[in-house]
Each structure stands twice: as structure tokens, then as C-alpha cells.
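Colleague: I'm new to reading structures, and I'd learn more from one spot than from a grand tour. Could you pick a single part and take a close look at it with me?

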Amino acid sequence: MATLPPPAWSGAPAAPNLVAGAQALVAKHQCNSCHGPELLGQDAIPRIRGQREDNFAKALAGYKSNARPGYDPAMNEVAQELKDDEIRDLAAYISRL
Ligand code: HEC
């Protein structure tokens with residue numbers, strides 16, 4: 001599973017006006033500490049880099065509302081702190097890496 005390279009995003013980059021904010025959110029919430037330095041996932045933690053934007057936003061919204069309990073409560077805790085517009089920006093940014 002971890003042997004396949006991730007699909008590289010080949011479309012337009014994320015809007016420049018949201019990149020800095022999204023990077024700051026990644027740093028603030030330490031997404032890298034669990035999902036890996038390149039957000040490619042590690043151990044049992046899934047890759048989030050280059051995930052489809054709509055799936056990504058839906059996953060975070062689900063964790064936030066607790067409609068989606070994880071096998072591990074980590075994401076529910078992270079998502080509680082995210083505002084809806086922050087989820088949108090993170091999805092737009094990370095899906096285009
Ligand atoms: C403390 C560790 C931890 C941190 C910090 C963390 N995550 Fe996660 N994340 C996880 C785990 C564990 C899962 C799998 C949970 C499950 O069972 O659904 C996950 C799942 C996800 C998923 C769903 C992926 C999929 O394929 O279903 C997304 C999206 C995600 N994380 C985004 C983020 C973002 C964005 C941040 C930073 C704002 C972040 N995570 C920070 C541990 C973490």
C-alpha cells in the first residue's frame with residue numbers, strides 16, 4: 001500500500017491568497033506530526049496530500065460534527081478547533097499539493 005507513489009496534482013495550484021493561511025493552519029494544528037512531513041501518511045495514519053477536495057472537506061466536517069468517529073479520536077479533537085472556512089481552505093490547499 002505504501003509502495004505506490006501518490007498521484008501528483010497536475011491542475012492549477014491553490015489560490016495564492018489562501019496558501020499562506022492554509023500552511024499556517026497545518027503548522028498550528030501540527031497535521032504533519034501525525035500525517036507525516038509531506039502529508040503522505042505514516043503507520044496507520046492515512047495520506048491526505050492530494051486527496052480529492054470534496055472528500056477531504058467532507059471528512060473534516062464529519063470529524064467536527066462527530067458524524068464520523070475515527071478509529072482514533074485524534075481527528076475529532078483536531079476538527080473541533082477548525083472553523084468551516086478553515087476546513088474549506090485546508091481542503092483547497094492540501095488537495096492541490
Ligand atoms: C494527533 C494525530 C493527528 C493530527 C494532529 C492530525 N490528524 Fe488527521 N488523521 C489522524 C488519524 C489517526 C486519522 C484516521 C482516523 C480515522 O479513523 O478516520 C486521520 C484522518 C484524517 C483525514 C481523513 C483521511 C481519509 O482518507 O479518510 C483527513 C482529511 C485528515 N486526517 C486531515 C488532517 C488535517 C488537515 C490535520 C491538521 C489540521 C490533521 N489531520 C491532523 C491523525 C491526526
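Modeller: Let's walk around the ligand and then into the parts of the chain beside it.

A bit of housekeeping first: this is a predicted model, in which local features need pLDDT of at least 70 and side-chain atom pairs count only at pLDDT 80 or more, while totals for chains, interfaces and linings use all residues. Residues are numbered from 1 along each chain as its sequence is written, and side-chain values use heavy atoms, with hydrogens and water left out.

Start with the iron atom of the ligand. Its protein donors are His35, through NE2, and Met75, through SD, lying 2.0 Å from it. This pair links distant parts of the chain: His35 sits in helix H2 (residues 31-35) and Met75 in helix H4, 40 residues apart. (Helices are DSSP runs of H or I with at least four residues, numbered from the N terminus.) A donor here is an N, O or S atom within 2.8 Å of the metal, or 3.2 Å for Na, K and Ca, and since water is not among the atoms, sites may look incomplete.

What shape does the site of the iron atom have? It is octahedral, with 6 donor atoms and angles of 83 to 179° among them. For six donors, that label requires opposite donors over 155 degrees apart and all others between 65 and 115. Ideal angles for six octahedral donors are 90 or 180 degrees.

His35 and Met75 are both buried. That word means under 20% relative accessible area; exposed means over 50%, and partly exposed is in between (1.4 Å probe, protein chains only).

Now step back to the whole ligand. There are 19 residues around it, and Cys31, Cys34, His35, Tyr63 and Met75 come nearest; a residue makes the list if one of its heavy atoms lies within 4 Å. Some neighbours approach oxygen atoms of the ligand. An N or O atom in the side chain of Gln51 is 2.6 Å from one, and for the side chain of Arg68 that distance is 2.9 Å. Tyr71 joins in with a polar backbone atom, 2.8 Å from an oxygen atom of the ligand. These are polar contacts, meaning pairs of N or O atoms within 3.5 Å; within protein, one must be able to donate a hydrogen and the other to accept it, and residues adjacent in sequence count only if both atoms are side-chain atoms.

Helix H4 (residues 74-80) also holds Asn76. Asn76 counts as buried because its relative accessible area is 9%. Its side chain reaches the backbone oxygen of Tyr63 at 3.1 Å, and a polar contact of 3.1 Å ties it to the side chain of Asn66. Asn76 also touches Arg68, Pro69 and Gly70 among others, leaving out residues up to four places away in sequence. Touching, or contact, means heavy atoms within 4.5 Å.

On the H2 side, Ile45 lies in the loop between H2 and H3. Ile45 is partly exposed, because its relative accessible area is 26%. Neighbours within four places aside, Ile45 contacts Cys34, His35 and Tyr71. Its C-alpha atom is 6.8 Å from that of Cys34, although the two are 11 residues apart along the chain. The loop between H2 and H3 also contains Leu39 and Asp43. Leu39 has a positive phi near 60°, and Asp43 has one of about 50°, though it is not a glycine. Leu39 counts as buried because its relative accessibility is 4%, whereas Asp43 is exposed because its value is 82%.

Finally, Tyr63 leads us inwards. It is one of the residues with the most contacts inside the largest nonpolar core, which has 21 residues. Such a core is a set of buried Ala, Val, Leu, Ile, Met, Phe, Trp, Tyr and Cys residues joined through side-chain atoms within 4.5 Å. H1, H3, H4 and H5 each supply at least two of its residues, and H5 gives the largest share, 6 residues.

Notes: Four donors count as tetrahedral if all angles lie between 85 and 135 degrees; four count as square planar and six as octahedral if opposite donors are over 155 degrees apart and all others between 65 and 115; anything else is irregular.
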